[in-house]
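Got your viewer open? Load the model and keep the selection box handy; we'll go stop by stop.

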Amino acid sequence: MARLLQDPYKLPPSEWYTANNVQRASTESQKSRSECTIAESWRLVDEIEKTTQKTQSDVNKKLEQRREEIKFWKQELDNKLEQIVHETEILLTFKNRLERALEGCKEPLVIAQKCLLYRQRRVGIDLVHDEVEQELVKEAEVLQGVIALLGRTLEQTNEQIRCRGKEHNRTLIRRNRSAKYSLDMDLKDKFTALTIDDYCASLTNDTPYIIYADNAMKVEGNFISPEDWLDFSNINVEKADKQRNNSLALKALIDGILSQTANDMRRQCEMVNTAFRNRVKEVKEAKHKLETLLAMVMDETASQEKNIAALKKAIADKEGPAKVAQTRLEARNHRPNVELCYDTVHSSLMSEVQEITKNIQRLKDALAQAQTELKGLSRRQLSLEEEIKVKENTLYIDEVLCMQMRESVCINNY
């Protein structure tokens, strides 16, 4: 119990002073370090704030520059798209012109072919390969050539308008709509990129709902370089320009072809019509001459028939004198004895009989010749009548069937 009441161990005063000094020194040292830390922190905060602001300001400037760049190329693409759409619409009107011109060639070709077919119905000497037929054949060839040319040009126009590609001589052919498609896709991407960058430009440090994005720093393999990005739009613009130039050249070609083909068809049509008019005039003149010859033959036939009638009458008229002379001779042959004398009367009667017989034979020969000539005139009349019918048939074919049908031919400038 006495131990429990003993005084505890007490430190000497020196240790107490030492301990207080240590506490003061430690506190002052801690305070100094803390103050340094605070000062460094403030400096660091200020430095980082300025750096952050500068970096953010630089990013904002670059973002604005990028937006302007995208806007520039978007405007370029918009302009090219408008041009290519406009050119395509114009090219569609040229396509319609080609289609109407192609359709307009069909009727003249059918008419030319019908004329050739109708003219096969000519007969006899009139079935000739004349100038009309030569010009009709040429007209059909011209029309077929025009149809083929217009068809190829229409196909080329469709190719320029159509949006499709094909391998041809190792070159990929893309036309207006293909260029338009590329522009549309590029513009769509530009619009999306501009929308995103506009959103990014609108963000500030105080914008609500901004978050940390863990994967934002990940650079995926589908990123392309700015040069490739620039080349991509530049290629689309160049392709659009190329197709626009192609369209302009094609329009000029179509204009030239439509004008030239219309002139060729119109000129050949007039050549055919002129040949028809000349041929009809020629056939009418030939028909008129044949009709004149027929009238002459018919007059001659009438004269020959009268001549034959006169010859027959002359022969009949000689029967009386012949009978009288021969009767006299027969009677005088019965004179008796010495009276049967070859006197001048008998001699004259003998001469008279011979003369009449000879003359009758001459008349008969003339009659036979006249009858032969009459048959020849009849044959000539039939031949002339048949030839006139041939000419009438030719005139009906050329003047009525062909020329009237050709009046409907109209060569327009499409």
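**Stop one: the cysteines**

This is a predicted model, and it holds 0 disulfides. Select cysteine 269 to start: the nearest cysteine sulfur belongs to cysteine 410 and sits 9.3 Å away, so with a cut-off of 2.5 Å there is no disulfide here. Cysteine 269 counts as buried, at 9% relative accessibility.

Now jump to cysteine 402. Its nearest cysteine sulfur is that of cysteine 115, at 3.8 Å, and cysteine 402 is in no disulfide either. Cysteine 402 is buried, because its relative accessible area is 0%.

**Stop two: the core around cysteine 115**

Stay on cysteine 115 and show its neighbours. Leaving out residues up to four places away in sequence, cysteine 115 touches Leu136, Phe276, Cys402, Met405 and Arg406.

Zoom out to the largest nonpolar core, which has 35 residues. Cys115, Leu136, Leu150 and Phe276 are the ones with the most contacts inside it. To see where the core comes from, colour helices H1 (13-118), H2 (131-161), H4 (226-317) and H6 (344-406): each supplies at least two of its residues. H1 gives the most, with 11 residues.

**Stop three: threonine 153**

Next, select threonine 153, in helix H2. Is threonine 153 buried or exposed? It's buried, since its relative accessible area is 3%.

Where does the side chain of threonine 153 reach? Draw a distance to the backbone oxygen of leucine 149 and you should get 2.8 Å. Finally, show contacts for threonine 153: setting aside residues up to four places away in sequence, you'll find Leu98, Ile254 and Ile257.

Technical notes:
Residues are numbered from 1 along each chain as its sequence is written. This is a predicted model: local features need pLDDT of at least 70, side-chain atom pairs count only at pLDDT 80 or more; totals for chains, interfaces and linings use all residues. Side-chain values use heavy atoms; hydrogens and water are left out. Buried means under 20% relative accessible area, exposed over 50%, partly exposed in between (1.4 Å probe, protein chains only). A nonpolar core is a set of buried Ala, Val, Leu, Ile, Met, Phe, Trp, Tyr and Cys residues joined through side-chain atoms within 4.5 Å. Helices (H or I, at least four residues) and strands (E, at least two) are DSSP runs, numbered from the N terminus. Contact means heavy atoms within 4.5 Å. A polar contact is a pair of N or O atoms within 3.5 Å; within protein, one must be able to donate a hydrogen and the other to accept it, and residues adjacent in sequence count only if both atoms are side-chain atoms.
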